Amino acid sequence: LFIADFNPFLKDWERILLRIVHEEAQYFIPQIETKIMNEGWASFWHREILNSLNLPQDLHLEFLVRHNQVARPIHGGLNPYHLGLKTWDDIRHRYDEAKIGKICDDHSEDYDRNGAPGDLGKLSGLEKVFEVRLVERDSSFIRRFLTEHLIRELDLFEYKPKDKDLVISNVADSGGWKEVKETLMNNVGMKSVPVIKVTECDMAANRSLRILHDHDGRDLHLEYAEKTMGYLYGLWGAPVSIETELGGNKTLLNFDDKGFSTKLLK
């Protein structure tokens, strides 16, 4: 949108195309922010509706096979259908149990800081499910409802690259579940997209564009940064630089007519 508004050399039709792309991106943000919730929601109601139809046994078995193929855990990855469905099921189960007076130890996350019960026991499972659907997004959904008990049940773990291999760095044990949950919250929705801001635009000299990366402890992937900056350079038509951190060092990434380069900053 910045390029569409401030690049004086764009033709009208080029400016229109950029604004169309911007509007399309805005449209998809809510989908990005609720992917796990949406996929789990679809699986939840797919199962509820099909189970209510009293299908012939052969058709019901076929449904179960198809449903489990979609909502099963994925080896070495995270299936949003599986995680979402399990979390919705857990919410419904816990609130239905609390409604009839059964509150287990693993419900502790549903108590406020003063130790008083939240809304457990006040709403039925389905009432709570519909309330959560209305007001949450993936990051808050995970923060509030992916409990220690559920993380352990799902056997979630975190891995990271080491040399040329991938190694497990945290598992859902006595303390690792918190780290796994934190990592998951920081990689869903728009939190998986780096935040960059235009800080300087020299229209008088060489029209160079200076951008600041809002570093949150996660370094940019250089191969993605190079491609993105190449696109920015093509759209802006002048040198582009991004100030960021790489390995704890302030670094300037540049893209001009000579291509991509990096420079350490003091």
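User: What makes β3, β4, β5, β6 and β7 one sheet, and in what order do the strands stand?

Analyst: In this predicted model, 5 strands form an open sheet in the order β3-β4-β5-β6-β7, with mixed pairing. Strands are DSSP runs of E with at least two residues, helices are runs of H or I with at least four, and both are numbered from the N terminus. Two strands count as paired if DSSP finds at least two bridges between them. Residues are numbered from 1 along each chain as its sequence is written. Local features need pLDDT of at least 70 and side-chain atom pairs pLDDT 80 or more, while totals for chains, interfaces and linings use all residues, and side-chain values use heavy atoms, without hydrogens and water.

User: Why are β3 and β7 said to stand at the edges?

Analyst: β3 (196–201) and β7 (259–264) each have a single partner strand, so one side of each has no neighbour in the sheet.

User: How do you know that β4 and β5 are paired, and in which sense do they run?

Analyst: The definition asks for at least two bridges, and 4 bridges join β4 to β5, which run parallel; the pair therefore meets the definition. Leu212 stands opposite Glu243 in β5.

User: What makes the crossover from β4 to β5 right-handed?

Analyst: A crossover is right-handed if, with the strands pointing away from the viewer, the path from the first strand over the helix to the second runs clockwise. The chain passes from β4 through α10 to β5, and this β-α-β crossover is right-handed.

User: How many bridges join β5 to β6, and how many join β6 to β7?

Analyst: β5 and β6 run antiparallel with 7 bridges, among whose partners are Ile242 and Leu253. β6 (residues 249–256) and β7 are antiparallel over 6 bridges, and Phe255 stands opposite Phe260 in β7.

User: Why is β5 called largely enclosed?

Analyst: Buried means under 20% relative accessible area, exposed over 50%, and partly exposed in between (1.4 Å probe, protein chains only). In β5, 5 of the 7 residues are buried, so the strand is largely enclosed by the rest of the structure.

User: What makes a group of residues a nonpolar core, and which residues have the most contacts inside the largest one?

Analyst: A nonpolar core is a set of buried Ala, Val, Leu, Ile, Met, Phe, Trp, Tyr and Cys residues joined through side-chain atoms within 4.5 Å. The largest has 28 residues, and those with the most contacts inside it are Trp88, Ile91, Val132, Phe141, Ile142 and Leu146. Its largest share, 6 residues, comes from α5.
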